[in-house]
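Please look over the sequence and the structure shown here before reading on. The report that follows takes up a few local features in turn.

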Amino acid sequence: MLKRGDIPRTEPRIRVGLVLPEDHQTTLHITFSPPRSYQIRETGIPVSESLSLTVEENRIRWEGASSDRLTLRRLPSASVDTSLRLHPVRAGRGFHWEKHIPIEVTGDLILSVVEGGMLVVNELPLEDYLMSVATSEMGAECPTALLEAQTIVARSWLLAAAEQKHRRWDLDACNDDCCQRYQGRGHITPHSRRGVLNTYGQVLMVGDEICDARYSKSCGGMTERFENVWPGPAQSCFRALPDSATPPDPALRLSQEQDFQRWWTEAPPSFCSPSYIPEPDLPRYLGSVDEAGSYFRWTLTYSQEELCRLLRDQLGLNVDFVEELQPLKRGESGRLIRLAIRGVREGQPVRSVLESEYEIRRVLHRGFLYSSAFFVESTPEQPPSRFTLHGAGWGHGVGLCQIGALGMALAGYSSQDILRHYYPGTELSTLYTKDSS
Ligand SMILES: [Zn+2]
Ligand SMILES: [Zn+2]
């Protein structure tokens, strides 16, 4: 497992969780290509074409055998094209686009049973992993500059090892949006492979630290400060900046309600706006799991009854009706970081405050709200019959804006221009080369 503060000088092997205990998965089918290219380390027996695995009584079972741990290791004689295909694997855990997909990976597989469910870990060299991340996060049709920037950012984020959300399972990352999207090598093309090889071993540095390069799908036109999304301290490269070539307007303060509403309505041209990428063109550039939709500006309406049900289910808050969703604090990108819900229960006023952008997004949508950069318009009667959220962007908005980076690449900017724009003050550094690994 990678360690925070370490700066590798050769290509590390990493551990990626493909099936997590929280998935409560008890069956898995694995196909080997070509057959007899892998062996079960515990028994030394090569596996032929496929394996069907189940979990029963805290053991993994297959073909009449069982074990509490199973390691599938590539035979030394196997060709470099050897791979494993796993089905099903959960993608988009807990989000509105969740689905089960088959994925094809290289490297070794370590299976165990944790808390009654499968834990499936893919152990592989970092650059092989990155080859898949670039085209899982964004489609393989993206311009080379975007794939290069995305790869450098994904490599930096992983090697900075600052988040490590699955440390308890000794994982460097999971396969999903919660960490970085890794859908195996099914989407790799010669073009995307080049994008990764061009940046082999390169990371962003902030002083003598690897940049903890956060990124999200669309900032909505302004990036957010790190501290407004996660507890600090933040590296100096995370600032709130307009996602455009124009310098910041000091008179525009999106943390102020009126400025935010005006800015939302005027929707000034941004790298992530339709003026750089027409929305009908977006689906072919986005990863295969993303829904086509409007991310720069979006609108969502709840009826009074729907909102009450949502608050009960997502927050355990019981109200007879909601009077107001009241913005209390916004970050520099307009993202709400405190929001009060005012309602009435059996004639008594009820108030609950959501204290972070994450909590606001979690509570206000069953599949996680696109972003917390929204203002609320409610119908005038009291209590209102409808609440409409007018929102901007998709994700936390800190660091690189993936759709904005795509807009920049399509407009002819290089990967270095893109990285300088989203992570000002960082330097590009090559930690290892292909020959030294
Ligand atoms: Zn994760
Ligand atoms: Zn943006």
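## Helix H3 and its neighbours

The buried residues of H3 pack against two other helices, namely helix H1 (126–137) and helix H2 (144–160). The model discussed here is a predicted one. In helix H3, which covers residues 190–197, the buried residues are Ser192, Gly195 and Val196. When the helix is viewed down its axis, these buried residues of H3 fall within an arc of 95°, so they line one face of the helix. The background to this is that an α-helix has 3.6 residues a turn, so residues three or four places apart point the same way.

## The zinc ion of ligand 1

The zinc ion (ligand 1) is held by four named residues, His166 through NE2 and Cys174, Cys178 and Cys179 each through SG, at 2.0 to 2.4 Å. The angles among the 4 donor atoms run from 104 to 119°, and the site of the zinc ion (ligand 1) is tetrahedral. For comparison, ideal angles at a metal are 109.5 degrees for four tetrahedral donors.

Along the chain, the donors of the zinc ion (ligand 1) follow the spacing H-x7-C-x3-C-C. Cysteine 174 and cysteine 179 are both buried. Between the donors in sequence comes another pair to look at: aspartate 177 forms a salt bridge with arginine 181, with the closest N and O atoms 2.6 Å apart. Aspartate 177 counts as partly exposed at 24% relative accessibility, whereas arginine 181 is buried, with a relative accessible area of 1%.

## Salt bridges between strands

How many salt bridges does a search of the whole structure find? The search finds 30 salt bridges. One pair consists of arginine 13 and aspartate 108, whose closest N and O atoms are 3.6 Å apart. This pair links distant parts of the chain, with arginine 13 in strand E1 (residues 13–19) and aspartate 108 in strand E11 (residues 108–114), 95 residues apart. Arginine 13 is partly exposed, with a relative accessible area of 44%, while aspartate 108 is buried at a relative accessible area of 9%.

Strand E1 also holds arginine 15, whose side chain meets that of glutamate 123 in a salt bridge with an N to O distance of 3.7 Å. Here too distant parts of the chain are linked, since glutamate 123 belongs to strand E12 (residues 117–125) and the two residues are 108 residues apart. Arginine 15 counts as buried, at 17% relative accessibility. Arg13, Arg15, Arg73, Asp108 and Glu123 are linked in a network of salt bridges.

## The zinc ion of ligand 2

Which residues coordinate the zinc ion (ligand 2)? They are Cys219 (SG), Asp243 (OD), Cys272 (SG) and Cys401 (SG), at 2.0 to 2.4 Å. The 4 donor atoms around the zinc ion (ligand 2) subtend angles of 101 to 118°, which makes the arrangement tetrahedral.

In sequence, the donor residues of the zinc ion (ligand 2) are spaced C-x23-D-x28-C-x128-C. Aspartate 243 lies in the loop between strand E16 (215–216) and helix H4 (257–266), and cysteine 272 lies in the loop between H4 and strand E17 (297–303), so the pair ties together parts that are 29 residues apart in sequence. Aspartate 243 and cysteine 272 are both buried.

Terms used: Residues numbered from 1 in each chain as written. Chains lettered and ligands numbered in written order. Predicted model: local features only at pLDDT ≥ 70, side-chain atom pairs only at ≥ 80, totals over all residues. Heavy atoms only, no water. Buried < 20%, exposed > 50% of the residue type's maximum accessible area, 1.4 Å probe, protein only. Helix = DSSP H or I, 4+ residues; strand = E, 2+ residues; numbered from the N terminus. Arc of directions from axis to C-beta. Contact = heavy atoms within 4.5 Å. Donors = N, O, S within 2.8 Å, 3.2 Å for Na, K, Ca; no water. Tetrahedral: all angles 85-135°; square planar, octahedral: opposite > 155°, others 65-115°. Salt bridge = Lys/Arg side-chain N within 4 Å of Asp/Glu carboxyl O.
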